[in-house]
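Subject: The structure we talked about

Hi,

Here is the structure I promised to pass on to you. Have a look at it first, and then read on for what I found in it.

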Amino acid sequence: MRAIVIHKAKDLRIEDRDERAPGVGEVQIRLATGGVCGSDLHYFNHGGFGTVHLKEPMILGHEVSGIVETLGEGVLGLSPGDLVAISPSRPCGNCAYCGEGLPNHCENMRFYGSAMPFPHIQGAFREVLTVKASQCVPAKGLTAGEAAMAEPLSVTLHATRRAGEMLGKRVLVTGCGPIGTLAILAARSAGATEIVATDISANALAFAQKVGVDRTIDMADAPGDLDPFKAGKGYFDVLYECSGAPQALADGIAAMRPRGVVMQLGLGGDMNVPMMQLTAKELDLRGSFRFHQEFATAVQLMQAGRINVKPLISHTFNLAQAHEAFTMAGDRSQAMKTQIAFV
């Protein structure tokens, strides 16, 4: 089978890899669609991020859907031909954090396409993937592209759960890449009544408008448009900071009302935090990392028509065009979510 393998920065190759037959409780999947994520782009552009660097070739990818081909012994509830969304989250189930009900913090997590451990955890961008049946969520009624969006949507659903009560809240989203735009959808689905989004890319803000944000502010052309929201003690109840940019965090906190919740999703490295404002306004600063239980919910919300991710799928390439797909995915002036069709 063919797989998309990163060797070092800008050295992306399509290579042959062996298939593995499904064992007990496993399923063999013919991959349908894979979405290029921000972490994939870090490996493609820089060979890693922060202290994480490639030490060996690694198959990329973790936002995937596929068609069930073969069932291993003991698998129930799935049939050959089923379209499934495949969760890349594979906690061990035995460590202290799994025991505490925090599987996203598993000490032995095997998350597809991660160079954090060595040997690296190989990713899901391969034509044939053997997975645990528990990773598969039937996605009947969705397209393969929509099903592959379950993973990034789960990230924002987890953040929304971490933020707490959303009904009737006024929400600010800073950074309108895939996670920011999906945060808009997640917050609206949870009951937010007003959502404002900021970015420095007109293209990103256009996609935010497509998914129903109430107002967009271009911080490159008109940063002063956020100032009215900073008046008095601020305006917003919840901030989804999705850019990882220190200035976006500072501007967002300035627009928060007392006892609001700041959800940090953007991973831009260490950031300066305006602690005086955080303290004086009694704001809650909360991190949000990955997901687990939310994955099935993401699929169900799409199936029910409560969340529509189709407007965010901007480009689709075939497997042979993998390099072009990664290049496009990094172009914020054109792309939102770039996907690769494997079939």
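A salt bridge, as the term is used here, is a side-chain nitrogen of Lys or Arg within 4 Å of a carboxyl oxygen of Asp or Glu. Please keep in mind that this is a predicted model. By that rule, the count comes to 16 salt bridges. The general idea is that side chains of opposite charge can pair when their charged atoms come close.

Let me begin with one of these pairs. K337 forms a salt bridge with E63, and their closest N and O atoms are 3.0 Å apart. The two residues come from distant parts of the chain: K337 belongs to strand β18 (residues 337-341) and E63 to strand β7 (residues 63-71), with their positions 274 residues apart. Are these two charged residues buried or exposed? K337 has a relative accessibility of 2%, so it counts as buried. E63, at 1%, counts as buried as well. Their side chains are also joined by a polar contact of 3.0 Å.

If you click on E63, you can look at what surrounds it. Leaving out residues up to four places away in sequence, E63 touches T33, G34, G35, V36, C37, F125, A148, E151, P152 and K337.

Another salt bridge to find is the one between E294 and R161, where the closest N and O atoms are 3.2 Å apart. E294 lies in helix α10 (residues 294-303) and R161 in helix α4 (residues 150-163), so this pair ties together parts that are 133 residues apart in sequence. Which partner is buried and which is exposed? E294 is buried, with a relative accessibility of 4%, whereas R161 is exposed at 56%.

There is also a network to look for. Salt bridges with shared partners join D11, R13, E15 and R17. Within it, E15 pairs with R17, the closest N and O atoms being 3.1 Å apart. E15 is buried, with a relative accessible area of 17%, while R17 counts as partly exposed at 28%.

Now for the sheet. Six strands, 6 in the order β13-β12-β11-β14-β15-β16, form an open sheet with parallel pairing. Which strands are at the edges? They are β13 (215-218) and β16 (284-287), each of which pairs on one side only. From one strand to the next, the twist averages 20°. In general, strands of a sheet pair through backbone hydrogen bonds, either parallel or antiparallel. Within this sheet, β11 and β14 run parallel and are joined by 4 bridges. You can see V171 standing opposite V238 in β14.

Helices lie across this sheet too. Helix α4, which holds R161, lies across β14, β15 and β16 and runs at about 150° to β15. Helix α8 lies across β11, β14 and β15, also running at about 150° to β15. The buried residues of α8 (residues 246-254) are A248, L249, D251, G252, I253 and A254. Among the elements that cover them are β11 (170-174), α7 (227-230), β14 (236-241), β15 (256-264) and α9 (275-280).

Next, the nonpolar cores. Which residues of the largest core touch the most other members? In this core of 53 residues, they are M166, V171, V173, I184, I195, Y240 and L312. M166 is a good one to select on your screen: not counting residues up to four places away in sequence, M166 touches T160, V171, A187, A190, G191, A192, V238 and Y240. A second core, separate from that one, has 41 residues, including L12, V52, A115 and F317.

One last stop is a loop. D331 sits in the loop between α11 (322-329) and β18. With a relative accessibility of 24%, D331 counts as partly exposed. The side chain of D331 makes a polar contact of 2.7 Å with the side chain of Q334.

If you would like a place to start, try the pair K337 and E63, both of them buried, and then go on to the sheet.

Enjoy exploring,

A colleague

Conventions:
Residues are numbered from 1 along each chain as its sequence is written. This is a predicted model: local features need pLDDT of at least 70, side-chain atom pairs count only at pLDDT 80 or more; totals for chains, interfaces and linings use all residues. Side-chain values use heavy atoms; hydrogens and water are left out. A nonpolar core is a set of buried Ala, Val, Leu, Ile, Met, Phe, Trp, Tyr and Cys residues joined through side-chain atoms within 4.5 Å. Buried means under 20% relative accessible area, exposed over 50%, partly exposed in between (1.4 Å probe, protein chains only). Contact means heavy atoms within 4.5 Å. A polar contact is a pair of N or O atoms within 3.5 Å; within protein, one must be able to donate a hydrogen and the other to accept it, and residues adjacent in sequence count only if both atoms are side-chain atoms. Two strands pair if DSSP finds at least two bridges between them. Axes are lines fitted to C-alpha atoms, for helices over the stretch in contact, and angles run from 0 to 180 degrees between N-to-C directions.
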